[in-house]
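Work through the exercises below with the sequence and the structure side by side. Try each task before reading its solution.

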Amino acid sequence: MPINRRLITDQDFSEALERHLRVRIFQDDQLIGSGGTIIRFDDQTIVVQSSVSDLAYHPRNQCEFFEIKK
């Protein structure tokens, strides 16, 4: 069963980006994305890629991000 670890700090996001970790994204307590990897982030936006042509831009202050650990 997967274990979730919340990503909050720049260091958390940097580690997820470098290690190509899969993430789950929640907004307003609803799951809006799962299984993608973070490819870029800044103070306002997290960019997640789920497939070759599927990029999603999530506002950092409106979403919660969790690393999926297996």
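**Exercise 1.** Is Phe26 buried, partly exposed or exposed, and at what relative accessibility?

*Solution.* Keep in mind throughout that the model is a predicted one. The relative accessibility of Phe26 is 22%. Since buried means under 20% and exposed means over 50%, Phe26 counts as partly exposed.

**Exercise 2.** Find how many aromatic pairs the whole structure holds, and describe the pair formed by Phe13 and Phe41.

*Solution.* A search of the whole structure finds three aromatic pairs. In the pair of Phe13 and Phe41, the ring centres are 5.8 Å apart and the planes make an angle of 35 degrees, and the pair is classed as tilted. The next step is to place the two residues along the chain: Phe13 belongs to helix H1 and Phe41 to strand E3, so the pair ties together parts that are 28 residues apart in sequence. As for their surroundings, Phe13 has a relative accessible area of 1% and is buried, whereas Phe41, at 25%, counts as partly exposed.

The pair of Phe26 and Phe66 can be treated in the same order: the centres are 5.6 Å apart, the planes stand at 90 degrees, and the pair is edge-to-face. Phe26 is in strand E2 and Phe66 in strand E6, and this pair links distant parts of the chain, 40 residues apart. Phe66 is buried, with a relative accessible area of 18%. Finally, ring pairs also link Phe13, Phe41 and Phe65 into a cluster.

**Exercise 3.** Determine which residues make up the largest nonpolar core and which elements give two or more residues to this core.

*Solution.* The largest nonpolar core has 11 residues, namely Leu7, Phe13, Ala16, Leu21, Val23, Ile25, Ile38, Ile46, Val48, Cys63 and Phe65. The elements that contribute two or more residues to this core are helix H1 (10-18), strand E2 (22-27), strand E4 (45-51) and strand E6 (63-69). To look at one member in detail, take Ile38: beyond its neighbours within four places in sequence, Ile38 is in contact with nine residues' worth of partners listed as Leu7, Phe13, Ala16, Leu17, Leu21, Val23, Ile46, Val47 and Val48.**Exercise 4.** Work out whether Thr37 is buried or exposed, and which residues Thr37 contacts beyond its neighbours within four places in sequence.

*Solution.* Thr37 lies in strand E3, which spans residues 30-41. With 13% relative accessibility, Thr37 counts as buried. Once the neighbours within four places in sequence are set aside, the contacts of Thr37 are His20, Leu21, Arg22, Val47, Val48 and Gln49.

**Exercise 5.** Trace the salt bridges that involve Glu15, starting with Arg5 and going on to Arg19.

*Solution.* The count for the structure comes to six salt bridges. Arg5 forms one of them with Glu15, and the closest N and O atoms are 3.8 Å apart. Arg5 lies in strand E1 (residues 3-7) and Glu15 in helix H1, so this pair ties together parts that are 10 residues apart in sequence. The side chain of Glu15 also meets that of Arg19 in a salt bridge, at 2.9 Å from N to O. Glu15 is partly exposed, with a relative accessible area of 27%, while Arg19, at 52%, counts as exposed. Salt bridges that share partners join Arg5, Asp12, Glu15, Arg19 and Glu67 into one network.

How values were computed
Residues are numbered from 1 along each chain as its sequence is written. This is a predicted model: local features need pLDDT of at least 70, side-chain atom pairs count only at pLDDT 80 or more; totals for chains, interfaces and linings use all residues. Side-chain values use heavy atoms; hydrogens and water are left out. Helices (H or I, at least four residues) and strands (E, at least two) are DSSP runs, numbered from the N terminus. Buried means under 20% relative accessible area, exposed over 50%, partly exposed in between (1.4 Å probe, protein chains only). Contact means heavy atoms within 4.5 Å. A nonpolar core is a set of buried Ala, Val, Leu, Ile, Met, Phe, Trp, Tyr and Cys residues joined through side-chain atoms within 4.5 Å. Rings of Phe, Tyr and Trp (its six-membered ring) pair if their centres lie within 6.5 Å; planes under 30 degrees apart count as stacked, over 60 as edge-to-face and the rest as tilted. A salt bridge is a side-chain nitrogen of Lys or Arg within 4 Å of a carboxyl oxygen of Asp or Glu.
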